[in-house]
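Biologist: I am new to this structure and would like to go through it with you. May I put a few short questions?

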Amino acid sequence: HTLLEEAKGSYGGPELVVEGLNSIHRLAVALRQRYIRPGCNSSCLGGVVGQGQYSRHEVHAESSGTARTLGTASSLLQHLFPAQQVPIAVYSRAEEEDIILRGYTKCPRLSENIGRWQLSEEFAAKRLASAAFRMRLASAVGQTKSTLQDWWNTYDEIETLQVAQQAAEEASRGSGSSGDSSGSSGDSGDSSGDSSGGSKYSIRDEDRQEAAALVAWLESRKFGVGVAANLCGGPLLAEIASIVQDEQLIGLRFYSAHYPTMLCLLSALNIGVDSGNAADAWLGTSLLPEASVMAVEISDDKSVALWYWSPPEADSIGATDLVTGSAVISHGQRGGWKQLRLPCVHSSCTASEFVVMAQRRALLNRSAWCLACGNRQAGVCRAAVAEAALADRISTPKPAPCSSGLNRAPPLALLIVLMCCATLLLLVCLAAAYAWLVRSRRASPVTVSLHHLAQPQSSTTVQATITIDQESQNSSTKT
């Protein structure tokens, strides 16, 4: 999969296939056995939903907007409540606003963190160690190259071809062909002439396992504690915390999404291959499979526990209850239910402990997520910025009339301003008065002389009078 670079036209993705429907049916059986009577024991759901009856007040289903997740949610509800005649609603958010389940596709800071990690010594060492293997498998599926950064795409191609090859072999056997049924060598002797190309490539089982281990290593660190932290799982953790805090304890609320959403939620809880806890190492050994479940259980005694379920054939780690240490496996099969340790005093938390812990680690609202991710472009972030600006305008006091504005001015500052203005005005007045006095004392004799010369003798006399007055105001004899 890709992150911010997802092509707009590809959103929605491929639809469910028959194999996926079978996986969903197995998941529904596991959920009914654990949460719905008569199969459940101490983990039965409350309300009518615990009796296997649907109630819109007790069941809420939300999915990301992709075809497979929407189909998964709808199909799962049908299997959980087979007596329900009317289709059960599945809610979804617009892609650009979905930070709850698909925040990992629109967080620039997460992409930056992944880019820095891909420049690390750890990544460089893995790239070098896996180079020959990657080139060999890329050639086997018709690719010219396969970088470690894009190994997911090669792995997805391998699995897609494997499914197509198995389908072709089954079709060949069903039509009476004698093709090899071992499935271990990818033999291309399909006599049915199938044009799907499913039997064109030969991928050994051990190579598929190594390819799966490599993609698990890559994805578990890409969305691990050190790289993702709470950037992509923080909003979902906040929503779960609000459910616990508001004591919405009756019924079922589930989310249908891809495995990065589950890894992101775990990272927000400080659970990951790089958490420093050896109990989390299993996350790096195999990719979380399709139709697996991460369940937050809220009991009547207000305790909160985290459980994980995977199909029996998908998980090589086994299911273990971390409280009792006993295996939660039936008939020796791999997979099943196992409890994961929450970051509380015990492996589970009290409701109050969980809320405090979750609120400390979560991103409590979309503004907090936009700020943490450095995102101002997503629709949800543009709306958050507009709401913040509106809130600032509302909270800012409106300007009052001048008189009241002066009254609100700090007293000391107002006094200083008034004193400065008064001093400046006084200096201006004194300067003007002094200038006027000087002009008056020098020019008044000339003025008197001019006014008393009713018939001036000549222009020379006037000029002389001015000159003499400038030299000596008391030289009347000279005048």
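Biologist: Which side chain does arginine 102 meet in a salt bridge?

Modeller: Please note that this is a predicted model. In it, the side chain of arginine 102 meets that of glutamate 95 in a salt bridge, at 2.9 Å from N to O.

Biologist: Is arginine 102 buried or exposed?

Modeller: Arginine 102 is buried, with a relative accessible area of 3%. Its partner, glutamate 95, counts as partly exposed at 23% relative accessibility.

Biologist: What about glutamate 96, which residue forms a salt bridge with it?

Modeller: Arginine 382 does, and the closest N and O atoms of that pair are 3.6 Å apart. Arginine 382 belongs to helix 11 (residues 379–395), while glutamate 96 sits in the loop between strand 2 and helix 3, so this salt bridge ties together parts that are 286 residues apart in sequence. Both ends are partly exposed: arginine 382 has a relative accessible area of 43%, and glutamate 96 has 41% relative accessibility.

Biologist: How many salt bridges are there in the whole structure?

Modeller: A search of the whole structure finds 13 salt bridges. One of them joins arginine 93 to glutamate 62, with the closest N and O atoms 2.6 Å apart.

Biologist: Why does that pair tie together separate parts of the sequence?

Modeller: Arginine 93 lies in the loop between strand 2 (91–92) and helix 3 (108–117), and glutamate 62 lies in strand 1 (residues 59–63), so the pair links parts that are 31 residues apart in sequence. Glutamate 62 counts as buried at 4% relative accessibility, whereas arginine 93 is partly exposed at 32%.

Biologist: Which residues are linked with them in a network of salt bridges?

Modeller: The network links Glu62 and Arg93 with Glu239 and Arg253.

Biologist: Let us change topic to the nonpolar core. Which residues of the largest one touch the most other members?

Modeller: That core has 70 residues, and Leu110, Trp151, Phe354 and Trp369 touch the most other members. Helix 8 (residues 259–268) supplies the largest share, with 7 residues. There is also a second, separate core of 24 residues, which includes Ala30, Leu76, Ile88 and Trp337.

Biologist: Why is helix 8 described as largely enclosed?

Modeller: In helix 8, 10 of the 10 residues are buried, so the rest of the structure largely encloses it. Among them are Tyr259, Pro260, Met262 and Cys264. Just after helix 8, asparagine 270 takes a positive phi of about 65°.

Biologist: Going back to tryptophan 151, what does it touch?

Modeller: Leaving aside residues up to four places away in sequence, tryptophan 151 touches Phe133, Arg134, Leu137, Ser146, Ala211, Leu214, Val215 and Leu218.

Biologist: And how do helix 5 and helix 6 cross?

Modeller: The axes of helix 5 (residues 151–174) and helix 6 (residues 205–222) come within 10 Å and cross at roughly 145°. The crossing is left-handed.

Biologist: Which residues make that contact?

Modeller: Helix 5 contributes Trp151, Trp152, Tyr155, Ile158, Glu159, Gln162 and Gln166. From helix 6 come Arg208, Ala211, Ala212, Leu214, Val215, Leu218 and Glu219. By class, the contact has 9 nonpolar, 2 polar and 3 charged residues.

How values were computed: Residues numbered from 1 in each chain as written. Predicted model: local features only at pLDDT ≥ 70, side-chain atom pairs only at ≥ 80, totals over all residues. Heavy atoms only, no water. Axes fitted to C-alpha atoms, helices over the stretch in contact; angles between N-to-C directions. Helix = DSSP H or I, 4+ residues; strand = E, 2+ residues; numbered from the N terminus. Left-handed = near helix turned anticlockwise from the far one by under 90°. Contact = heavy atoms within 4.5 Å. Nonpolar A, V, L, I, M, F, W, Y, C, P; charged D, E, K, R; others polar. Salt bridge = Lys/Arg side-chain N within 4 Å of Asp/Glu carboxyl O. Buried < 20%, exposed > 50% of the residue type's maximum accessible area, 1.4 Å probe, protein only. Core = buried A, V, L, I, M, F, W, Y, C linked by side-chain atoms within 4.5 Å.
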